[in-house]
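Colleague: Got a minute to go through this one with me? Put it up and I'll start asking.

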There are 4 protein chains.
Amino acid sequence: MEYTDKQERILDAAADLFARQPFHKVLLSDVARTAAVGKGTLYLYFNSKEDLYFAVLYREFDNLLTRLKGIAADPALAPDAQLSAIVGELARHFLKKAANMDMQGVVLTCPSTDDWRLRRAELLALIEAIIRRGVAMGMFHDQDPRLTAKYIPGLLRGACHFEPQDTDIEAVSRHAASFVLQGLAGKD
Amino acid sequence: MEYTDKQERILDAAADLFARQPFHKVLLSDVARTAAVGKGTLYLYFNSKEDLYFAVLYREFDNLLTRLKGIAADPALAPDAQLSAIVGELARHFLKKAANMDMQGVVLTCPSTDDWRLRRAELLALIEAIIRRGVAMGMFHDQDPRLTAKYIPGLLRGACHFEPQDTDIEAVSRHAASFVLQGLAGKD
Amino acid sequence: MEYTDKQERILDAAADLFARQPFHKVLLSDVARTAAVGKGTLYLYFNSKEDLYFAVLYREFDNLLTRLKGIAADPALAPDAQLSAIVGELARHFLKKAANMDMQGVVLTCPSTDDWRLRRAELLALIEAIIRRGVAMGMFHDQDPRLTAKYIPGLLRGACHFEPQDTDIEAVSRHAASFVLQGLAGKD
Amino acid sequence: MEYTDKQERILDAAADLFARQPFHKVLLSDVARTAAVGKGTLYLYFNSKEDLYFAVLYREFDNLLTRLKGIAADPALAPDAQLSAIVGELARHFLKKAANMDMQGVVLTCPSTDDWRLRRAELLALIEAIIRRGVAMGMFHDQDPRLTAKYIPGLLRGACHFEPQDTDIEAVSRHAASFVLQGLAGKD
DNA sequence: CATGAATGAGTATTCATTCAT
DNA sequence: AATGAATGAATACTCATTCAT
């Protein structure tokens with residue numbers, strides 16, 4: 001599809017540039033050149049620079065969420081295996097793309113759009129549900145699964161955010177999963 | 001001291017404004033007005049808008065680090081108590097000040113200045129040392145204290161970053177401390 | 001040609017304004033308004049205010065040089081007639097345009113560029129060649145035509161530079177030509 | 001005298017800096033530092049930057065004028081010797097100091113102050129008077145000594161203005177004097 | 001007299017956005 | 001649909017000048 005193709009090219013270009021520089025240093029003319037489209041074309045697909053910026057973040061986040069939903073929906077996996085898999089995905093996410101992105105600058109108030117709130121809520125709810133299932137099965141012990149759900153992405157962000165080149169995904173995934181499961185295992 | 005006073009006023013004003021708006025929406029003229037100094041005066045103390053921005057972040061971070069060092073140096077506290085105290089400080093940090101700040105955006109490549117690297121390294125080393133001490137005392141079990149040290153700030157960031165108004169510091173602190181200690185307790 | 005047209009309009013506007021006021025009193029916004037273009041458009045054609053300034057001087061000088069080359073290349077004119085014609089052109093040049101320009105301010109060190117050095121060298125070489133031809137023909141006598149070539153523009157600058165309104169071009173041209181030819185005539 | 005000393009130091013510093021850079025690139029703080037006085041001190045002796053600038057030009061010009069008056073008043077010199085001496089002074093003037101000065105830019109409308117007009121008029125009148133005396137003695141022939149007087153400074157400016165390092169004052173003085181005298185000698 | 005920290009009016013420059021082609 | 005030349009609102013930064021010490 002011609003339309004989608006062009007839109008994708010723009011998003012790819014923007015993702016690349018926003019990952020390297022903060023918002024206000026990325027020029028739309030650079031985005032256009034990188035995407036090999038005219039400057040005006042950007043406005044056929046996105047209403048403003050901010051729009052484009054959030055479209056990039058959104059796509060990234062959406063991809064992640066889709067993968068996590070797949071894991072959460074897999075009936076073959078026990079809660080601990082699901083959590084381990086999610087930890088792995090999050091590690092990959094933060095390490096590969098969002099890492100730079102986040103670090104370099106969520107420049108604008110991540111829009112209080114319902115879209116975003118809902119998206120984030122979905123992510124947390126998904127993790128929370130797994131924890132609750134584990135608790136119900138007597139596998140986990142947690143007084144506040146809602147809170148614990150918030151720890152997990154943050155924890156991996158902390159692990160992967162800096163010095164990404166020195167980070168071994170597999171090692172981090174394994175260690176972090178073990179830490180999380182340990183944290184959920186104990187009688188508290 | 002007159003000099004420091006003025007510098008402090010500027011930093012306070014800038015911290016306040018940067019906390020409410022993204023970098024490129026904060027006008028230096030607003031900073032000057034809020035600080036009740038002339039626009040040119042800003043440049044007597046900071047070389048550029050970016051400079052000022054990072055000075056704000058830096059001061060915040062520095063204050064946190066100082067408090068954490070106090071905890072780490074307290075001989076009356078066992079490793080678990082130290083970790084709990086640190087978790088509390090981090091919660092307060094992310095919730096109160098950095099919350100807004102961070103959320104709005106680390107706008108610019110957190111400068112690869114050695115200053116920053118060292119500062120962050122100090123923070124992690126401090127936490128890592130406590131974990132190692134706990135391991136040595138048989139109180140904790142951890143294959144990679146370096147990595148675990150990275151989890152802790154991230155974890156609290158995740159917990160406190162969004163919906164700060166709905167977050168109960170004490171509850172978060174207690175729960176997070178318990179989660180962390182649990183994670184370090186188990187035989188792994 | 002649309003492009004050239006716009007560039008010309010900008011140069012015309014700038015020439016006019018720079019002729020009336022010193023560099024630092026000419027606002028780019030005035031140039032833009034006078035040229036009936038947007039302020040940003042100036043930067044499509046010139047890199048900076050300085051750039052624009054020198055482009056104006058350069059165009060002026062270039063026009064003069066072109067006319068002088070025409071005179072120098074005219075085979076119908078003997079050296080003395082050529083010199084007289086050149087004196088006339090220089091008088092017109094200094095009186096009409098460059099007069100104000102020069103007086104009001106050669107603000108910036110112009111000569112760094114090779115462009116300028118070469119241009120000036122061309123002008124002098126052209127005059128020098130005519131003198132040498134006259135000397136070869138036994139019409140002039142001069143031990144150092146290179147030096148004499150330098151006198152001629154300066155001499156007319158001196159004559160026309162001040163109180164331009166009181167200056168009669170034709171009278172100056174005639175008198176100056178006569179003075180120069182006299183100076184070259186004698187046995188020295 | 002302390003006062004005069006300080007004023008002289010400021011003028012020297014300013015002369016040096018204005019000679020190297022155009023008006024708007026010379027910072028008063030640089031002038032102050034070079035003169036080893038406080039920035040505020042400048043305003044004890046000069047009312048503004050422009051004032052200082054013109055004071056520099058004025059002092060330069062005044063020194064020259066004084067020397068020329070000495071020559072003009074010397075009863076031992078015939079008009080041709082006086083003109084030769086004046087040519088020499090002008091060459092030195094343009095070569096040494098004013099050269100740079102002028103070249104870099106008379107930035108501002110050389111103030112229409114009567115001071116300046118009078119000063120310049122004095123210079124020209126002085127030369128004109130010599131020419132007229134020569135004409136009266138039958139030594140020179142000139143239809144318009146007023147005009148010729150204007151040529152002489154300009155002519156030397158042209159000779160000395162560019163590539164000052166390559167210019168041999170003595171050679172220029174001799175050649176220029178000869179040229180001028182030649183120009184005045186002929187029956188026209 | 002001398003100072004230099006403080007000032008803020010003044011302006012060059014940038015860059016998201018538009019629209020004629 | 002696609003373009004990119006043209007735009008001008010928006011803003012960081014400079015530097016002559018002042019005045020409390």
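Colleague: At roughly what angle do helix α8 and helix α9 of chain C cross?

Modeller: Bear in mind that this is a predicted model. In it, α8 (residues 145–160) and α9 (residues 169–185) of chain C cross at roughly 150 degrees, and their axes come within 11 Å. That angle makes α8(C) roughly antiparallel to α9(C).

Colleague: Is α8(C) passing α9(C) in a right-handed or a left-handed crossing?

Modeller: Right-handed.

Colleague: And which residues meet there?

Modeller: From α8(C) you have C:Thr148, C:Ile152, C:Leu155, C:Leu156, C:Ala159 and C:Cys160. Facing them in α9(C) are C:Val172, C:Ala176, C:Phe179, C:Val180 and C:Leu184. By class, that contact has 10 nonpolar residues, one polar and no charged.

Colleague: Staying in chain C, how do α5 and α7 pack?

Modeller: Helix α5 (residues 79–96) and helix α7 (residues 114–136) of chain C have axes 9 Å apart and an angle of about 150 degrees. So α5(C) is roughly antiparallel to α7(C). The crossing of this pair is left-handed.

Colleague: Who makes the contact?

Modeller: On the α5(C) side, C:Pro79, C:Gln82, C:Leu83 and C:Ile86. On the α7(C) side, C:Leu126, C:Ile127, C:Ile130, C:Ile131, C:Arg133 and C:Gly134. Sorted by class, they come out as seven nonpolar, two polar and one charged.

Colleague: What about between chains, say α7 of chain A with α9 of chain B: what's the crossing angle?

Modeller: Roughly 65 degrees, for α7 (residues 145–160) of chain A and α9 (residues 169–185) of chain B, with the axes coming within 11 Å. α7(A) passes α9(B) in a right-handed crossing.

Colleague: Which side chains should I click on for that one?

Modeller: Try A:Leu147, A:Thr148, A:Tyr151 and A:Leu155 in α7(A), which meet B:Val172, B:His175, B:Ala176 and B:Phe179 in α9(B). The split in that contact is six nonpolar, two polar and no charged.

Colleague: OK, switching to the DNA. How many residues surround strand E, and which are closest?

Modeller: There are 31 residues around DNA strand E, and the closest are A:Tyr43, B:Thr41, C:Tyr43, D:Gly38 and D:Thr41. By class, that surface has 15 nonpolar, eight polar and eight charged residues.

Colleague: Which elements do they come from?

Modeller: α3 (39–45) in each of chains A, B, C and D, plus α1 (2–20) of chain D, each supply at least two residues of the surface near DNA strand E.

Colleague: How much of what the protein sees on strand E is sugar or phosphate?

Modeller: Of the strand E atoms within 4 Å of the protein, 68% are sugar or phosphate, and the rest belong to bases.

Colleague: Which side chains are at the phosphates?

Modeller: Among them, A:Tyr43 has a side-chain N or O atom 2.7 Å from a phosphate oxygen of DNA strand E. C:Tyr43 has a polar side-chain atom 2.7 Å from a phosphate oxygen of that strand as well. For A:Lys49, the distance from a side-chain N or O atom to a phosphate oxygen of DNA strand E is 2.9 Å.

Colleague: Now strand F. Which residues come nearest?

Modeller: Out of 30 residues around DNA strand F, the nearest are A:Gly38, A:Thr41, B:Tyr43, C:Thr41 and D:Tyr43. Sugar and phosphate make up 68% of the strand F atoms that come within 4 Å of the protein.

Colleague: What does the backbone do at the strand F phosphates?

Modeller: A:Gly38 puts a backbone N or O atom 2.8 Å from a phosphate oxygen of DNA strand F. C:Gly38 has a backbone N or O atom 2.9 Å from a phosphate oxygen of DNA strand F, and for a polar backbone atom of D:Leu28 the distance is 3.1 Å. As for elements, α3 of chains A, B, C and D each give two or more residues to the surface near DNA strand F.

Colleague: And the class split for strand F?

Modeller: That surface has 14 nonpolar, eight polar and eight charged residues.

How values were computed
Residues numbered from 1 in each chain as written. Chains lettered and ligands numbered in written order. Predicted model: local features only at pLDDT ≥ 70, side-chain atom pairs only at ≥ 80, totals over all residues. Heavy atoms only, no water. Near = heavy atom within 4 Å. Polar contact = N/O pair within 3.5 Å; in protein donor to acceptor, adjacent residues only side chain to side chain. Helix = DSSP H or I, 4+ residues; strand = E, 2+ residues; numbered from the N terminus. Nonpolar A, V, L, I, M, F, W, Y, C, P; charged D, E, K, R; others polar. Axes fitted to C-alpha atoms, helices over the stretch in contact; angles between N-to-C directions. Parallel < 35°, antiparallel > 145°, perpendicular 65-115°, else oblique. Left-handed = near helix turned anticlockwise from the far one by under 90°. Contact = heavy atoms within 4.5 Å.
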